[in-house]
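Here are my notes on the model, as numbered points. Please read them with the structure open.

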Amino acid sequence: MEDLVRLFKNLAQIDSVSSEEKSVSDYILNFLKDLRLTPIQDGNNMIYCRIGDQPHPILLNGHIDTVEPGRDIQVLEKDGFLVSNGSTIIGADNKVNVAAILFTIKKLITENKDLNVELLFSVREETDSGIQQFDSKRIESKVGFVWDGGKGSLSWFAKKAPTLEDFKIEIIGKSSHASRPEQGINALNVLLELKDKITLGSPDEFSTLNIGLINGGSATNTVPERIKLEGDLRSTEITSFQKIKKDFEIALTESAEKFNARVNIKWLPYAYGYELDLTSKNAQRLLEIYKSQGIELNSEETRSGSDAGFLNHIGIETFCLGDGVFDTHAVTERINIETFYKLQSIIENIMLNFQND
Ligand SMILES: [Zn+2]
């Protein structure tokens, strides 16, 4: 089993901050080719690999990018945990998952086991959901798994996840000299008008709306022509999400019209919300497999997104499960080595025993 830790260390010690995944992607590509598989690396450095040729495969997904500080990572072993030297993360989010999947594939192929799986390793999960650019028509599976989250627990499982979209807004008026305001259209007036029409913060109990970046104007003596706003809207209830989004657009348009200004709104979907049906056949099978491993899954609502959101959105019933990692995105990020072995054993059981149809 030391090989699992060694494989993780190899992956972790290849820098792969979001958008810079090429080296780690090449490593995975070669790892799979060495097993005589036929992986595909797409133009964004995502890796897809079909193993087996029976109908009804299952999908195993993980992301290969990390957050900062994620350069020159050293993985150390301390008191039974894998830890960093204190100056970086260890990229256990999500490389323990990636390592456990790769390790298991190699193990089962070496043991001549029949596999019927698809692998998809995605990029930019931490920044702008690169998986959305994957040619998803390739995916045959109707059920998928990703181990990404859970605050150190393997029994965690995201039953419900929020919808999250970023937005970019441009308010366009007309500049004029400050001494002749009547000749211009002041973009700031649109923003001030908007202020009374929307609720920033928590528009309702399920949702948050934030404008985080505000830029505009060109000079102290010029009526501002352009204001740019960027922010995000998130909600655990899709109907709330859609209503707030629509109201926000209407408020913007009406505010602009009042001053004869124009407004452009661009929405950038980041995470797709979902709610899994725990009574589905696949959910029941999953609970059974975990039970056989001595783990009772605890379903929870999560506040953060994952690739499971997009995969569910395109019709693949995808379960986001606990990866056993503590303090993700922090320099204290760590995983207990025993937990890591357990994660591998769960993944092995799913590859061997999850009967999909
Ligand atoms: Zn992650």
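Is H329 buried, exposed or partly exposed? The answer is in point 1. Bear in mind throughout that this is a predicted model.

1. H329 is partly exposed, at a relative accessible area of 41%. It sits in the loop that links strand 17 (325–326) to strand 18 (334–336). Check its backbone: phi is positive, about 70°, although H329 is not a glycine.

2. R36 deserves the check too. Its phi is positive, about 65°, and R36 is not a glycine. The residue belongs to the loop between helix 2 (22–34) and strand 1 (40–41). R36 is exposed, with a relative accessible area of 77%.

3. Now the metal. The zinc ion takes its protein donors from H63 (NE2), D93 (OD) and D148 (OD), with D148 (OD) listed twice. These donors lie 2.0 to 2.8 Å from the ion. Along the sequence, the donor residues follow the spacing H-x29-D-x54-D. D93 is part of helix 3 (residues 92–110), while D148 is in the loop between strand 7 (143–147) and strand 8 (156–161), so this pair ties together parts that are 55 residues apart in sequence.

4. The geometry of the zinc site is irregular, and the angles among its 4 donor atoms run from 51 to 135°. Why is it not tetrahedral? That label requires all angles to lie between 85 and 135 degrees, and the range at this site starts at 51°. For reference, the ideal angle for four tetrahedral donors is 109.5 degrees.

5. Both aspartates at the zinc ion are buried. D93 has a relative accessible area of 6%. D148 comes out at 10%. The cut-off for buried is under 20%.

6. Look at the peptide bonds as well. The one from D93 to N94 is cis, with omega near 20°. N94 is in helix 3, and D93 is one of the zinc donors. A second cis bond runs from E68 to P69, with omega near -10°. P69 is placed in the loop between strand 3 (58–63) and strand 4 (76–78).

7. How do helix 3 and helix 8 (residues 337–353) pack? Their axes are 9 Å apart, at an angle of about 55°. The two helices are therefore oblique to each other. The crossing is right-handed. On the helix 3 side, the contact residues include V96, A100, F103, I105 and L108. Helix 8 brings, among them, F340, L343, I347, M351 and L352. Polar residues take part too: N97 and K107 are among those from helix 3, and Q344 and E348 among those from helix 8.

8. Helix 4 (residues 187–195) and helix 5 (residues 238–258) form another pair, with axes 8 Å apart and an angle of about 135°. That makes helix 4 oblique to helix 5. This crossing is right-handed as well. V190, E193 and L194 of helix 4 meet F248, A251, L252, S255, A256 and K258 of helix 5.

9. Last, T302. Its place is the loop between strand 15 (298–301) and helix 7 (307–313). T302 is buried, with a relative accessible area of 11%. Beyond its neighbours within four places in sequence, T302 contacts W156, A158, K160, A161 and P162.

Definitions and conventions. Residues numbered from 1 in each chain as written. Predicted model: local features only at pLDDT ≥ 70, side-chain atom pairs only at ≥ 80, totals over all residues. Heavy atoms only, no water. Donors = N, O, S within 2.8 Å, 3.2 Å for Na, K, Ca; no water. Tetrahedral: all angles 85-135°; square planar, octahedral: opposite > 155°, others 65-115°. Helix = DSSP H or I, 4+ residues; strand = E, 2+ residues; numbered from the N terminus. Buried < 20%, exposed > 50% of the residue type's maximum accessible area, 1.4 Å probe, protein only. Axes fitted to C-alpha atoms, helices over the stretch in contact; angles between N-to-C directions. Parallel < 35°, antiparallel > 145°, perpendicular 65-115°, else oblique. Left-handed = near helix turned anticlockwise from the far one by under 90°. Contact = heavy atoms within 4.5 Å.
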